[in-house]
Each structure stands twice: as structure tokens, then as C-alpha cells.
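Work through the exercises below with the sequence and the coordinates open. Each task is followed by a solution in steps.

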Amino acid sequence: MSTAHRPVSNETTEELINYLGKFLTEERRAKIETVLAYRTRYVTVALEDLHTSQNAGAVLRNCDNFGIQDVHIIEQTTSFKVNLNVTRGCQKWLTTHRYTKRQDNTRNCIAVLKAKGYCIVATTPHTEALELSALPTERPIALLFGNELDGLSEIAMAEADRLLKIPMYGFSESFNISVSAALCLQSICDRIHHSTHPWQLTSAEKQTLRLQWYRNSCKNSQQLEASFWKTLGE
């Protein structure tokens, strides 16, 4: 959401959504509702020091496609950059949380996730790790992925609640990170969708995103909002 948009109270949010909705097609409004129905914060993804913009962009697209709303970006040694030709604008539908200001960004991110009740799951090819199909889903899950060369840091591995591996049957040691993310998310999301776990967004969360996505979908949304406030005499 653009910081230029005026903050909106809970009472006015629905009015603004209805106003902006007049400038969207019926198909776009229906698409937003369909995506909201499958959006989740029960599963989240944390990315530590990704090196290539292509992989970073591909993981963001995977998150959007599998309904993951929050992506946590750890920049301990490497700045996070995405290839816009790969993302194709998907980042505007996601909520990204960046950890850049502290020396211990990885610990900070994991502490934030644990405080929110997430089970921290570090992905690794290590043989002692739990296989993907056996990962419990009774608790919200935060999947940690490391960089393309070294994987996750020692700190991330030590702070994780569980280690997770994807079964492989070839000579290669690991999957590309975007493939790993896709395989993990497909398996976990399919399981939670067929569970009784509270994986869907709350009504309030949906309403917040609905407004954000209406804004993102409208051309000249800031001018439209200015007109909206005029109709209220403000």
C-alpha cells in the first residue's frame, strides 16, 4: 500500500472499499474475493541472504500462488533484490517484513516469528531431518530457506524447532531454492486446506487486504481517494 494514501478508520474502510469497487470490473472484484478465501498467515516463509534476484523473485511468486501472505526477508550479509521480469508485480499482493538494521537479523526474525506462535522449520538436505510428508501441521509453520550456495546459517539451524528435508533420488545434493519452496508450500498448503486448523484469515485481516488490493487494482487510486474524501466533506 502506498504511504501516500490517507489512513482510514475501521468505520470508513467499508465505505472506501465500496467506492473504489465502482472503478473495478466485476471480474477483478470476484478474483480478489477468491484469493482472499485462500490467503493464509498460518504458514509463512523466511528467506535468509538470497543471492540471485531471479530466485528471490521466483520464491515470491510461489508464495503468492500458494496463498502465503507474509514473507520475512533476512538481510544479514546480502541485500534482497528481485528480478521484476520474474515477479511480474506479485510483490504488491504480499506483505513483506525486512530485517536489515540489526547485526543479528536472523535471530531477530526468528524471535519475532516464535513470539507469534510459529514453529520454526529450517529446510536442509541433512539426513537426520524430518521428511516433508511427516511434518506436523498442528501449529502455524514458518519455513526458513537459506541462500543458493551455503543454505541456512548456523544461527538459523540452531534456532529452528525442526529440520525439514525434501526426499531426492538423484545425484544432486539439493533442489533450486524456488523449487524447494514450491514443493514445501504445495505439500503443506494442500494438507492445511483439508484440515480443521484455523488457517484462513480473520474477517478483519481480509478487510485490510481487500482495501490494499482495491487500491493496487485501481488506476489513479490516490486521486480517486481524494474524490472520496471530498464526498465526505473532508
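The exercises use a predicted model and go from the whole chain to single residues.

**Exercise 1. Overall build**

Task: State how many helices and strands the protein has, and decide how its radius of gyration compares with the globule rule.

Solution.
- Step 1. Nine helices and seven strands make up the secondary structure.
- Step 2. The radius of gyration is 19 Å, and the globule rule gives 17 Å for 234 residues. The two values are close, so the protein is as compact as a globular protein of that length.
- Step 3. Along the principal axes, the C-alpha atoms occupy a box of roughly 65 × 40 × 35 Å.
- Step 4. Among contacts with a separation of 6 or more, 83% join residues 24 or more positions apart.

**Exercise 2. Surface and charge**

Task: Find what share of the residues is buried, and describe the exposed area and the charged side chains.

Solution.
- Step 1. Of the 234 residues, 44% are buried.
- Step 2. The exposed area is about 12,600 Å², with 49% of it supplied by carbon and sulfur atoms.
- Step 3. There are 26 positive and 25 negative side chains. The centres of these two sets are 6 Å apart.

**Exercise 3. Ala122**

Task: Place Ala122 in the secondary structure, classify it as buried or exposed, and list what it touches.

Solution.
- Step 1. Ala122 belongs to strand S4, which covers residues 119–123.
- Step 2. Its relative accessibility is 0%, and the cut-off for a buried residue is under 20%, so Ala122 is buried.
- Step 3. Leaving aside residues up to four places away in sequence, Ala122 touches Leu144, Leu152, Met157, Ala160, Arg162, Leu163 and Leu164.
- Step 4. For one of these partners, Arg162, the C-alpha to C-alpha distance from Ala122 is 6.3 Å, across 40 residues of sequence.

**Exercise 4. Two residues with positive phi**

Task: Compare the settings of Asp49 and Asn220: in which loop does each lie, and is each buried or exposed?

Solution.
- Step 1. Asp49 has a positive phi near 55 degrees and is not a glycine. Asn220, also not a glycine, has a positive phi of about 55 degrees.
- Step 2. The loop holding Asp49 runs between strand S1 (43–48) and helix H3 (53–65). Asn220 sits in the loop between helix H8 (203–217) and H9.
- Step 3. Asp49 is buried because its relative accessibility, 6%, is under 20%. Asn220 is exposed because its value, 53%, is over 50%.

**Exercise 5. Ser221**

Task: Describe the surroundings of Ser221 and find the polar atom that its side chain approaches.

Solution.
- Step 1. Ser221 is in helix H9, residues 221–231.
- Step 2. With a relative accessible area of 9%, Ser221 counts as buried.
- Step 3. Beyond residues up to four places away in sequence, Ser221 touches His5 and Arg215.
- Step 4. A polar atom of the Ser221 side chain lies 3.5 Å from the backbone oxygen of Arg215.

**Exercise 6. His193**

Task: Classify the exposure of His193 and give its contacts.

Solution.
- Step 1. His193 lies in helix H7, residues 177–193.
- Step 2. At 28% relative accessibility, His193 is partly exposed.
- Step 3. Its contacts, without residues up to four places away in sequence, are Tyr38 and Trp199.
- Step 4. The C-alpha atoms of His193 and Thr40 are 10.0 Å apart, although 153 residues separate the two along the chain.

Definitions and conventions:
Residues numbered from 1 in each chain as written. Predicted model: local features only at pLDDT ≥ 70, side-chain atom pairs only at ≥ 80, totals over all residues. Heavy atoms only, no water. Helix = DSSP H or I, 4+ residues; strand = E, 2+ residues; numbered from the N terminus. Rg over C-alpha atoms; globule rule 2.2 N^0.38 Å. Buried < 20%, exposed > 50% of the residue type's maximum accessible area, 1.4 Å probe, protein only. Contact = heavy atoms within 4.5 Å. Areas by Shrake-Rupley, 256 points an atom, 1.4 Å probe, with all protein chains shown as cover. Lys, Arg positive; Asp, Glu negative; His and termini not counted. Charge placed at Lys NZ, Arg CZ, Asp CG, Glu CD. Polar contact = N/O pair within 3.5 Å; in protein donor to acceptor, adjacent residues only side chain to side chain.
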